[in-house]
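Biologist: I'd like to learn how to read a model like this one. Can we go through it together?

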Amino acid sequence: MKKMIMMGRSECGKTTLRQALKGSTIQYEKTQYVNHFDVIIDTPGEYAETNSLARALALYSYEADVVALVLSATEPYSLYPPNIAPLANRPVIGIVTKTDAPGADAEQAGEWLRLTGADPIFYISSFTGDGIWQLLEYLKEPGDVLPWESQEEAEADRNVLSTKFDVPEIGSGNYEFI
Ligand SMILES: Nc1nc2c(ncn2[C@@H]2O[C@H](COP(=O)(O)OP(=O)(O)O)[C@@H](O)[C@H]2O)c(=O)[nH]1
Ligand SMILES: [Mg+2]
C-alpha cells in the first residue's frame, strides 16, 4: 500500500476514516499525537489549525507516499487556501468525508479541495463505507492484500459503537467508556 498521511482540522473525520479503512468497527478516540498505523499516518487536527505546528506536518509528509487533505462535507467553509498542493513534494489527494451526514454538501467540499490542487478527490462516508473501495484501490500497490476482498464487502455499513457527540440518555444504562 502507498503510505498516506491525513491532514485536516479537528473533527473532519480522519480517525474514523482510518478505522473504516481497516475494519468494520468504529469507536470514538481523540488523536493525541501523530501516529502511524501501518500505512496510514493519522495526525491531530491541531497541527493543521496552528501555524507553528503546521511545519511539523510538512516534515511528517516526507514519511508518506501520499498526502491526503481531508475536508468534511458538512463544512460551511474551507481552511485550505487555493493552490497549496504544490507545496508538498508528494502527490496530494483530497478526501471529502461524512458524505452521509445531514446537511452534507459533498460537491461544495470537493470543489474547495479541487481548488487546492489536490487530485484525485475521493468522496467517502466512513459510516456507510461509500467510496472506501476507490480510495483503497488508489492506495493499493501490486501484491497488496486488502482487508476486504470485494467492493461490496469494503462498502458495507460500519458498526458505529460510539461517536464524539452521542451522549447516552441519562438513566438508560447504555454507556460506553473508552
Ligand atoms: N455522519 C458521519 N459522521 C462521521 C463520519 N466520520 C466521522 N464522523 C464523526 O465526526 C466526529 C469527528 O470524527 P474524528 O474521526 O474523530 O475526526 P478527527 O478529529 O479528524 O480525527 C466523530 O463524532 C465521528 O463519529 C462519517 O463518515 N459520517
Ligand atoms: Mg483524530
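Modeller: Sure, and let's begin with helices and strands: they are DSSP runs, helices being H or I with at least four residues and strands E with at least two, numbered from the N terminus. Thr43, for instance, sits in the loop between strand E4 (40-42) and helix H2 (45-49). Two notes on labels: residues are numbered from 1 along each chain as its sequence is written, while chains are lettered from A and ligands numbered from 1 in the order in which they are written. Also, this is a predicted model, where local features need pLDDT of at least 70, side-chain atom pairs count only at pLDDT 80 or more, and totals for chains, interfaces and linings use all residues.

Biologist: How many helices and strands does the protein chain have?

Modeller: Six helices and eight strands. Along the sequence they follow the pattern β-α-β-β-β-α-α-β-β-α-β-α-α-β.

Biologist: Why does Thr43 count as buried or exposed?

Modeller: We count other C-beta atoms, placed from the backbone, within 10 Å of a residue's own: 20 or more means buried, 12 or fewer exposed, and in between partly exposed. Thr43 has 23 C-beta neighbours inside 10 Å, so Thr43 counts as buried. Now try Tyr62, in the loop between helix H3 (51-60) and E5: Tyr62 has 10 such neighbours inside 10 Å, so Tyr62 counts as exposed. Over the protein chain's 178 residues, 35% count as buried.

Biologist: What about places that are far apart in sequence?

Modeller: Check the distance in space too. Thr43 and Thr15 are 28 residues apart along the chain, with 8.4 Å between their C-alpha atoms. For the whole chain we use contacts, meaning two residues whose C-beta atoms, placed from the backbone, lie within 7 Å. Among contacts between residues at least 6 apart in sequence, 70% join residues at least 24 apart.

Biologist: Which residues touch the most other members of the largest nonpolar core?

Modeller: A nonpolar core is a set of buried Ala, Val, Leu, Ile, Met, Phe, Trp, Tyr and Cys residues joined through C-beta atoms within 7 Å. The largest one here has 38 residues, and Met6, Ala68, Leu69 and Val96 touch the most other members. Strand E5 (residues 66-72) gives the most to this core, with five residues.

Biologist: How do I read one side of a helix?

Modeller: An α-helix has 3.6 residues a turn, so residues three or four places apart point the same way. In helix H5 (residues 132-139), Ile132, Leu135 and Leu139 are buried. These three cover an arc of only 70° around the axis (taken from the directions from the helix axis to the C-beta atoms), so they are on the same side of H5. Their cover includes strand E1 (4-7), H1, E7 and helix H6 (151-154).

Biologist: And what surrounds ligand 1?

Modeller: A residue is near a molecule if its C-beta atom, placed from the backbone, lies within 6 Å of it. Here 21 residues surround ligand 1, the closest being Gly13, Thr15, Thr16, Thr163 and Lys164. Helix H1 (residues 14-22) gives the largest share of this shell, three residues, and eight of the nine residues of H1 are buried.

Biologist: Where should I be careful?

Modeller: Look at pLDDT, the predictor's confidence in each residue, from 0 to 100. Where pLDDT is low, the predicted coordinates should not be read in detail. The protein chain has a mean pLDDT of 82, with 84% of its residues at 70 or more, but pLDDT stays under 50 over residues 167-178.
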